[in-house]
Structure formats: structure tokens, C-alpha cells
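Work through the exercises below with the sequence and the 3D view side by side. Try each task before reading its solution.

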Amino acid sequence: MPLRRSRSRPPRPPGRVPGAVLGPLAALAVAGAAFGYVAVVDPNEPGHYPACPLLSLTGLHCPGCGGLRSAHALAHGDPVGALRANALVAAGCAVAAALLAGRFAAAQRGGPAPGRGRPVLRRAHGLALGALVFAFTLVRNTPAGATLVP
């Protein structure tokens, strides 16, 4: 009679970081460094960051206008100020933080291997995101969207 192999994972040695955690940790380190820089170097003071070329040339606000101010407000614990500066960036930061936290938690508990169990991004998702960014840009440049202008 052949022996049956157990499907359980071998125990992880104590103090060793699994490889699946390294990606989320690297993303967290990069995001933390970027937010740390924006928290220290205030985008509300002129001269620290370049002006938006689209705003300078056309007078229209791009989807990223106010994004640094939004990140600065988030870094200082002001979600309302972040939404006022750029609601799209504030929402994007919240979604990215949730996705990163979920990925990190799955990697910590020995979740699915890379490529398995992840949400599948399809072309429709990209098109929906593009339509959202386009609509946000369009609305914020009309009188009806005056509250969306930083």
C-alpha cells in the first residue's frame, strides 16, 4: 500500500520572512518613503514641486492636480483635507492601502502562491478606471464640479 503524502505546509523557521511577504513589504517601504517626503516638504508652499504643465498651458485641471496636497493631508491625518485637494487621489490611496494590507495579510498567513487567489484584472477593469478618471477630469473642469478643484 503506497504512503499518502500530507498536503500541509512545513512549519516556517522562526524569524524568517517568507518570500511572499517581501513584495508587499517593498511596496510599503516605497509608499512610506514617498509619503514621508511629501509630509515633510509641503506642496502648499511654492517652489518645492513643479507646476502642472496642463494647468499652466491650458488652465484645465488634470486628474492629478492637487494630488500632492491630498497626499500631504493624508500624511498629516486629515482625510477631509485630502478629499478637498483631490478626491480621486485620496480614494486611490485608500484602495491601494486596502489592497496592500490584504496582500500582506495573505502572505503572512501563508496564503495563496503568487498568481493564485489574486483578483484578476481584466480589460474591462482598465476601461472602467479610465472612464472614471475621464469623468472626474471632465466634471472638475465644469462649473458643476467647482468643489473638486483644488
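**Exercise 1. Find which residues His 72 is in contact with, leaving aside its neighbours within four places in sequence.**

Solution.
- Step 1: set the rule. Contact means heavy atoms within 4.5 Å.
- Step 2: apply the rule. His 72 is in contact with Val 38, Ala 39, Asp 42, Pro 43 and Asn 44, once neighbours within four places in sequence are left aside.
- Step 3: place the residue. His 72 lies in helix H3, residues 67-75. Helices (H or I, at least four residues) and strands (E, at least two) are DSSP runs, numbered from the N terminus.

Two notes on the model. It is predicted, so local features need pLDDT of at least 70 and side-chain atom pairs count only at pLDDT 80 or more, while totals for chains, interfaces and linings use all residues. Residues are numbered from 1 along each chain as its sequence is written, and side-chain values use heavy atoms, with hydrogens and water left out.

**Exercise 2. Decide whether His 72 is buried or exposed.**

Solution.
- Step 1: recall the classes. Buried means under 20% relative accessible area, exposed over 50%, and partly exposed in between (1.4 Å probe, protein chains only).
- Step 2: compare. His 72 has 12% relative accessibility, so His 72 counts as buried.
- Step 3: look along the helix. Gly 67, Ser 70, Ala 71, His 72 and Ala 73 are buried in H3.
- Step 4: look past its end. Gly 77, just after H3, takes a positive phi of about 75 degrees.

**Exercise 3. Trace what Asp 42 is in contact with, beyond neighbours within four places in sequence.**

Solution.
- Step 1: locate Asp 42. It sits in the loop between H1 and helix H2 (53-58).
- Step 2: list the partners. Beyond neighbours within four places in sequence, Asp 42 is in contact with His 48, Tyr 49 and His 72.
- Step 3: check the side chains. Those of Asp 42 and His 72 make a polar contact at 3.4 Å. A polar contact is a pair of N or O atoms within 3.5 Å; within protein, one must be able to donate a hydrogen and the other to accept it, and residues adjacent in sequence count only if both atoms are side-chain atoms.
- Step 4: take a C-alpha distance. Asp 42 and Ala 73 are 31 residues apart in sequence and 9.6 Å apart in space.

**Exercise 4. Count the aromatic pairs and describe what you find.**

Solution.
- Step 1: state the rule. Rings of Phe, Tyr and Trp (its six-membered ring) pair if their centres lie within 6.5 Å; planes under 30 degrees apart count as stacked, over 60 as edge-to-face and the rest as tilted.
- Step 2: count. The rule gives one aromatic pair.
- Step 3: describe the pair. Tyr 37 and Tyr 49 are edge-to-face, with 6.3 Å centre to centre and 90 degrees between the planes.
- Step 4: place the rings. Tyr 37 is in helix H1 and Tyr 49 in the loop between H1 and H2, twelve residues apart.
- Step 5: check exposure. Tyr 37 counts as partly exposed because its relative accessibility is 47%. Tyr 49, at 22%, is also partly exposed.

**Exercise 5. Place Ala 106 and say how far its C-alpha atom is from that of Val 21.**

Solution.
- Step 1: Ala 106 is in helix H5, residues 87-108.
- Step 2: its relative accessible area is 11%, so Ala 106 is buried.
- Step 3: the C-alpha atoms of Ala 106 and Val 21 are separated by 8.7 Å, with their positions 85 residues apart along the chain.
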